[in-house]
Amino acid sequence: MEEILKIIGAFASVFALYKVIVDIVLAKSTRRRAEYDFTKKYIDDLANEKVHSYILEKGFLALTGKSYSVAEIKHLLAYSNPSEMIVHRASSGAFILFNKDFMDYSWKGYFQNNFVQKYGSYWYLGCYVILMLLAFIPFYFNGFQGFNNISVATFSLSLGCIGIMCIFRHEDLKAAKRFMFLRKKKGSSLAIKHSEPMGPDRS
């Protein structure tokens, strides 16, 4: 009898796990369909000159989590690979900016320098390594007891946080470089022409 109960319990566990996996898959599928419907409606809204720019900007924010001008939104969607460009653009805000007059992107500040563009990511990576090594110096000498002192622990935590920020910057700069490279390489598709805009730009 005990063996039978164990078998039943095992089958019940497997069934429960299967149900959880199915629910997750169905939820993802439902979310993708909802995202598709929203995206389709949003593209239609972009083509409608009666839709206010504020609504279009908020719609893009709801869709991607990023807020851009209507002019830039249309420009991003005009690329032959809009999904990839939007992802890279989202990580590049600290390094590039959009010029609405020229309908193009440019580097910010000292990142306009080719040397900084090329080696800036290595700088961030180097800072990350150095800061993380410094943050763990107390551990190297005294193990976890090295962090018993609150001042030491706070200082190490601060260095660690700055180091993590540096590695994020490193990745964001890589995304910005990738974005600028694709911008030159692939250009715009005929899906959304700047010469035939989706209604007047109200941004």
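**Exercises on burial, cores and a surface patch**

His88 is buried, with a relative accessible area of 17%, in this predicted model.

**Exercise 1.** Classify His88 as buried or exposed, and find which residues it is in contact with beyond its neighbours within four places in sequence.

*Solution.* Begin with the position of the residue, which is in helix α4. The relative accessible area of His88 is 17%, and because buried means under 20%, His88 counts as buried. Finally, once the neighbours within four places in sequence are left aside, the contacts of His88 are Ala175, Arg178, Phe179 and Leu182.

**Exercise 2.** Describe the largest nonpolar core and the elements that supply it.

*Solution.* The largest nonpolar core contains 26 residues, and Leu76, Phe95, Ile96, Tyr105 and Trp107 have the most contacts inside it. At least two residues each are supplied by α1, α2, α3, α4, β1, β2 and α7. Next, take Tyr105, which, leaving aside its neighbours within four places in sequence, touches residues including Leu76, Ile96, Phe179 and Met180. A second, separate core has five residues, among them Cys127, Ala135, Leu159 and Cys166.

**Exercise 3.** Locate the nonpolar patch on the surface, and place Leu133 within it.

*Solution.* The patch includes Leu125, Leu133, Phe136 and Phe144, and its residues together have about 1100 Å² of accessible area. The elements giving two or more residues to the patch are α5 (114-135) and α6 (137-142), with α5 contributing the largest share, five residues. Leu133 lies in helix α5, and because its relative accessible area of 45% falls between the 20% and 50% limits, Leu133 is partly exposed.

Conventions:
Residues numbered from 1 in each chain as written. Predicted model: local features only at pLDDT ≥ 70, side-chain atom pairs only at ≥ 80, totals over all residues. Heavy atoms only, no water. Patch = residues over 30% accessible without salt bridge, like charges linked within 9 Å, V, L, I, M, F, W, Y side chains within 5 Å. Areas by Shrake-Rupley, 256 points an atom, 1.4 Å probe, with all protein chains shown as cover. Salt bridge = Lys/Arg side-chain N within 4 Å of Asp/Glu carboxyl O. Helix = DSSP H or I, 4+ residues; strand = E, 2+ residues; numbered from the N terminus. Buried < 20%, exposed > 50% of the residue type's maximum accessible area, 1.4 Å probe, protein only. Core = buried A, V, L, I, M, F, W, Y, C linked by side-chain atoms within 4.5 Å. Contact = heavy atoms within 4.5 Å.
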